[in-house]
Amino acid sequence: MITLLAFTSLALLATVHQSDSIVIYTGWERHALVGSDIRLSCSFFSWHWTSEDVTFSWSYRPDGAKDSIAIFHYTGGAPYVDNKGPFRDRLEFVGNPPRRDGSILLKNLDFGDNGTFTCDAKNPPDIVGRASSVRLLVFEKVPVQAGVITGAIIGVVLGLLVLVVAIYYLMRFLVARRVFTLSLSKKKGKGKEGSQPKQASVFDTFTH
Amino acid sequence: MLALLAGIFLIHLTGIILLLAATINNAWWVTDTVSTDIWARWVWVNGAWNYTDLPDIHTYGEEYLQAVQASSCLACIFSILGLFVFLGQLFTLPKGKRFAFSGIFQLIACLCIMIAASIYTDRFHRNEAGGWYGPSFILAWISFVLTFISTIIYFVLRKKTA
């Protein structure tokens, strides 16, 4: 048993070591209001320890454009933010590279910021990996998804139904139990003839 | 007795089927080229029907559309639940008692579809002359009548055999 476990774990480790690449995680899509700030998160998974030479780079491709422009780079322990491009004075680094977090903060969003943001992280010697992209959508008013209200109404009504049925059966159970204990105590005190008719009548009045 | 039960069951079942047809089919309002509500819109373009979204929530009916959607869904759900409750009560109800529980479910279903159809009648397509109310709308009102009849029957009927 133990040898089987050791063998499988060794095999697993071997296969995993084969796919020794860095995996980068960003969101898929982000929604934001005009004029607000948004934090675009980027983190990665790597089998190696976080090296001192870890690098993060963010690039931006506007909606409809073909080329992307680099807007952020972190290397050698220092962040370099955009000072010439579309995000000058609007970009801030809020990540924590030793904790594998390379998130950036975009301030005062505008409709022109709609586009795709790509994060690429490298953790030497783990440098082979795919960059990950997050799409930013800037709205004037956050749209309410059409189905949410409908679903909420249906859910609440059904929940109330379940609650009412549960309370009904609970009350019935409690009253039956109370009557049962009452009749037991009466039996001990007086005897059978006195208690039987009383028990029946209480039941009848409730279920009617 | 058996014929009566079969009849009641059939009325309930017909009510359910009509409710489902009214809720699922997108044909509450029909024009020559458009068949719409309450979930999406069919548009006749270039010789084929195209399935499109309804206009934005703020320009088309606002929140009333969600109310119609929710109450017609709830009417279907309560009617179907009521059918199972009726079948259950058939076997567990003591002799001489009324089918109150099933009646309550049918009553709620009746109220819900009435709410849905009324809101739709009052708030949508008030100034449009180029179309007419479609089959789903008519079925919604018919199922209101059927569920109402069903409710009355359940509240009046007494269980004859144990």
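**Cysteine pairing in the predicted model**

C42(A) and C119(A) are joined by a disulfide, with an S to S distance of 1.9 Å. The model is a predicted one, and the distance given here is computed from its atoms. With the criterion of two cysteine sulfur atoms within 2.5 Å, the count over all chains comes to one disulfide.

The bond ties together distant parts of chain A: C42(A) belongs to strand 4 (residues 42–45), whereas C119(A) lies in strand 10 (residues 115–122), and the two cysteines are 77 residues apart. The torsion about their S-S bond is about -75°, and the disulfide of C42(A) and C119(A) is therefore left-handed.

Both ends of this link can also be described by their accessibility. C42(A) has a relative accessible area of 1% and is therefore buried. For C119(A) the relative accessible area is 0%, so this residue is buried as well.

Chain B offers cysteines for which the pairing criterion gives another outcome. The cysteine sulfur closest to that of C73(B) belongs to C76(B), and because the two are 6.4 Å apart, they are too far from each other for a bond. C73(B) has a relative accessibility of 19% and so counts as buried, the limit for this class being under 20%.

C112(B) likewise takes part in no disulfide; its nearest cysteine sulfur, in C110(B), is 9.3 Å away. With a relative accessibility of 11%, C112(B) counts as buried.

Terms used:
Residues are numbered from 1 along each chain as its sequence is written. Chains are lettered from A and ligands numbered from 1 in the order in which they are written. This is a predicted model: local features need pLDDT of at least 70, side-chain atom pairs count only at pLDDT 80 or more; totals for chains, interfaces and linings use all residues. Side-chain values use heavy atoms; hydrogens and water are left out. Helices (H or I, at least four residues) and strands (E, at least two) are DSSP runs, numbered from the N terminus. Buried means under 20% relative accessible area, exposed over 50%, partly exposed in between (1.4 Å probe, protein chains only).
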